[in-house]
Amino acid sequence: CGPTTSGGIYEGQSSANKACEVQKRTFGSAATHIQRNPAYSELNSDDVSYFKSVLGENGVVQDEDRVMSCKCRLDGRLAVVPQGGNTGLVGGSVPVYDEVIVGLAGMDKIISFDNVNGILTSEAGCVLENLSKLVENEGFIMPLDLGAKGSCHIGGNISTNAGGLRFIRYGSLHGSVLGLEVVLADGTILDMLTTLRKDNTGYDLKHLFIGSEGSLGVVTKISVLTPAKLPSTNVAFLSCNDYKSCQKLLLAARRSLGEILSAFEFMDHHCIDLAMRHVEGVHNPLPASPYKFYVLIETTGSDESYDKTKLEAFLLRSMEDGLVADGVIAQDISQATNFWQIREGISEASVKVGAVYKYDLSIPVEKLYDIVEEMRCRLGDSAEVLGYGHLGDGNLHLNIVSSKYDDNTLGRIEPFVYEWTSAQRGSISAEHGLGLMKAEKIHYSKSPEAVQLMASIKKLLDPNSILNPYKVLPQSVL
Ligand code: FAD
Ligand code: 2HG
Ligand code: ZN
């Protein structure tokens with residue numbers, strides 16, 4: 001880490017077994033199948049002195065309890081794990097053995113905000129929610145939003161190419177990120193921190209680092225294009241009797257709401273039941289509801305009365321057509337917040353009730369719910385199967401909640417879930433990345449040739465494989 005890096009270094013547990021135990025509890029079986037690579041150096045006191053000379057005494061954390069609270073940890077070959085807000089769901093931000101954590105939380109400065117063009121430039125450790133507040137005060141919004149906004153960093157979002165709740169409207173971060181500064185494995189500071197909308201001079205290298213989960217470089221600075229904040233937002237919470245209706249409703253919303261559609265999220269009734277029990281302060285806006293599915297639709301536009309009329313007319317028509325069973329439009333900000341809290345609370349609520357096997361799948365919309373039903377058949381009463389997600393993006397979150405992690409349950413879920421997704425030509429990671437948990441599963445979604453090319457790029461940029469080892473790519477290709 002060069003002089004521009006004012007983040008922190010956390011020394012990993014000296015006992016590999018202890019680290020592995022934590023991994024096993026947190027990330028299931030993935031960590032237990034990987035051997036420590038003996039080519040990596042072990043951290044010694046010279047390394048620690050060096051880090052302190054660069055980062056100061058407070059920049060280096062060795063105390064075991066503080067390291068563990070990060071949920072976990074450049075002589076020749078010390079392996080490192082870049083860590084943002086540590087909210088990732090695939091174990092990408094935590095060390096597997098004794099890797100050193102490069103924590104970005106200290107790099108939280110705003111560099112500039114261009115309020116003519118809506119371009120934000122900041123350090124990578126800024127928390128997403130803080131950036132949202134900042135740009136909103138200037139009349140803009142961040143192009144992404146997600147349930148972990150209070151903790152995740154913009155650098156982490158970019159490194160995972162996070163999707164989230166605004167993807168349907170503003171698309172992927174590959175479109176919104178204008179520039180990056182990245183520190184490479186050999187310490188080179190790669191300045192790609194442009195703020196230009198258009199720049200076709202050669203290969204657009206920043207895209208290699210968007211979504212590469214800290215395996216190719218450490219993102220230290222970012223510039224992002226922020227859309228204008230529009231004055232009128234409406235949120236509706238609807239119920240449907242069957243999945244087919246949700247699917248038809250999506251098509252109808254695209255056609256009728258068109259340019260003002262800004263979110264289309266769905267959840268099955270198992271999710272609603274869970275949210276009512278475990279998300280603090282929410283209530284079901286459709287109380288007497290025997291419904292199977294729920295949909296949250298948000299519109300954002302520039303004309304309050306036109307937008308509302310349009311949404312009301314759309315709902316009326318959808319009810320007449322039998323697509324929507326019941327529904328409400330939020331009348332004020334507190335109702336809208338309640339609707340969003342239900343949806344955003346499902347992920348955290350699921351981990352409160354048991355061991356959760358999490359899958360994040362891209363599947364053609366017409367098939368998307370089939371895997372949820374298949375899983376219910378396979379697992380019977382032994383687990384609760386939740387289906388929800390970003391329906392507008394064809395992204396299902398399949399969460400399987402069981403009383404404990406065990407090989408028997410896992411064996412009934414995997415490899416079936418991956419084989420099934422692959423057979424639909426879907427993706428086994430729509431938006432969360434591969435991290436530690438899914439690195440060995442990449443072949444379900446990528447061809448051997450594509451994986452080989454990824455490995456060649458990794459070797460070119462990080463020949464000693466010190467950046468985020470055991471993550472993203474299978475060990476066999478490195
Ligand atoms: P971390 O968890 O710290 O790291 C994630 C990965 O990025 C790791 O591989 C890490 O090594 C790497 N990394 C982090 N910072 C850097 C950096 N500066 N340079 C290089 N590599 C880096 N994800 C979605 O896509 N959509 C959602 O809707 C969504 N909702 C969520 C809701 C909840 C409640 C939770 C807990 C998670 C959710 N996530 C979602 C997953 C997670 O929040 C995102 O992946 C987020 O982008 C991770 O950011 P982070 O700063 O926490 O990164
Ligand atoms: C969401 O959309 C997140 O709520 C989390 O991506 C999904 O926990 C999950 O599986
Ligand atoms: Zn999601």
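This passage describes the overall build of the protein, its two open sheets, one of its helices, one of its loops and the surroundings of its two ligands.

The structure is a predicted model, and in it the protein contains 16 helices and 16 strands. Taken along the principal axes, the box filled by the C-alpha atoms is roughly 70 × 55 × 45 Å. For a protein of 478 residues, a compact globule would be expected to have a radius of gyration near 23 Å, and the value of 23 Å found for this protein agrees with that expectation. Of the 478 residues, 47% count as buried.

Two open sheets can be described in turn. Strands of a sheet pair through backbone hydrogen bonds, in either a parallel or an antiparallel manner. One sheet is formed by five strands in the order 5-6-9-7-8, and its pairing is antiparallel. Its edges are taken by strand 5 (110-114) and strand 8 (189-192), each of which pairs on one side only. From one strand to the next, the twist in this sheet averages 10°.

Within this five-strand sheet, strand 5 and strand 6 are joined in the antiparallel sense over four bridges, and Ile110 has Ser122 of strand 6 as its bridge partner. These two strands make a hairpin with four residues between them, and in this hairpin Gly118 takes a positive phi near 70°. Strand 6 (residues 119-123) is also joined to strand 9 (residues 218-225), with which it runs antiparallel, by five bridges. Across this second pairing, Glu123 has Lys221 in strand 9 as its bridge partner, while Ser122 stands opposite Ile222 in strand 9. Ser122 therefore appears in the description of both pairings, as the bridge partner of Ile110 and as the residue opposite Ile222.

Strand 9 is further joined to strand 7 (residues 177-183), again in an antiparallel arrangement, by six bridges, and here Gly179 has Ser223 of strand 9 as its bridge partner. Seven of the eight residues of strand 9 are buried, which means that this strand is largely enclosed by the rest of the structure.

The other open sheet has seven strands in the order 13-10-12-11-15-16-14, and its pairing is likewise antiparallel. Strand 13 (326-329) and strand 14 stand at the edges; because each has a single partner strand, one side of each is left without a neighbour in the sheet. Neighbouring strands of this sheet are turned against each other by 15° on average, with direction ignored. Strand 14 is joined to strand 16 by eight bridges, the two running antiparallel, and one such contact places Ser362 across from its bridge partner Asn395 in strand 16.

Helix 4 (residues 128-137) shows how burial can be distributed around a helix axis: Leu128, Leu131 and Val135 are buried. Viewed down the axis, the buried residues of helix 4 fall within an arc of 60°, so they line one face of the helix. On the other side of helix 4, Lys133 and Asn137 are exposed.

A loop residue, Asp381, lies between helix 13 (370-379) and strand 15 (384-390). Asp381 counts as exposed because 6 other C-beta atoms lie within 10 Å, where 12 or fewer is the limit for an exposed residue. Although Asp381 and Ser402 are 21 residues apart in sequence, their C-alpha atoms are 9.6 Å apart in space.

The surroundings of the two ligands complete the description. Around ligand 1 there are 37 residues, of which Gly84, Gly88, Gly92, Gly156 and Gly214 come nearest. By class, this shell divides into 11 nonpolar, 22 polar and four charged residues. Strand 3 (80-83), helix 5 (154-160), strand 9 and helix 12 (333-353) each supply at least two residues to the shell of ligand 1, and helix 5 gives the most, with five residues. Strand 9, described above as largely enclosed by the rest of the structure, is thus also a contributor to the shell around ligand 1.

Ligand 2 is surrounded by Leu89, Gly147, Ser347, Lys358, Asp360, Gly389, His397 and Asn399. This shell has one nonpolar, five polar and two charged residues. Strand 14 (355-362) and strand 16 (395-402) each supply at least two of its residues, and strand 14 and strand 16 are the strands joined by eight bridges in the seven-strand sheet.

Methods. Residues numbered from 1 in each chain as written. Chains lettered and ligands numbered in written order. Predicted model: local features only at pLDDT ≥ 70, side-chain atom pairs only at ≥ 80, totals over all residues. Rg over C-alpha atoms; globule rule 2.2 N^0.38 Å. Buried ≥ 20, exposed ≤ 12 C-beta atoms within 10 Å, placed from the backbone. Near = placed C-beta within 6 Å. Nonpolar A, V, L, I, M, F, W, Y, C, P; charged D, E, K, R; others polar. Pairing = 2+ DSSP bridges. Axes fitted to C-alpha atoms, helices over the stretch in contact; angles between N-to-C directions. Arc of directions from axis to C-beta.
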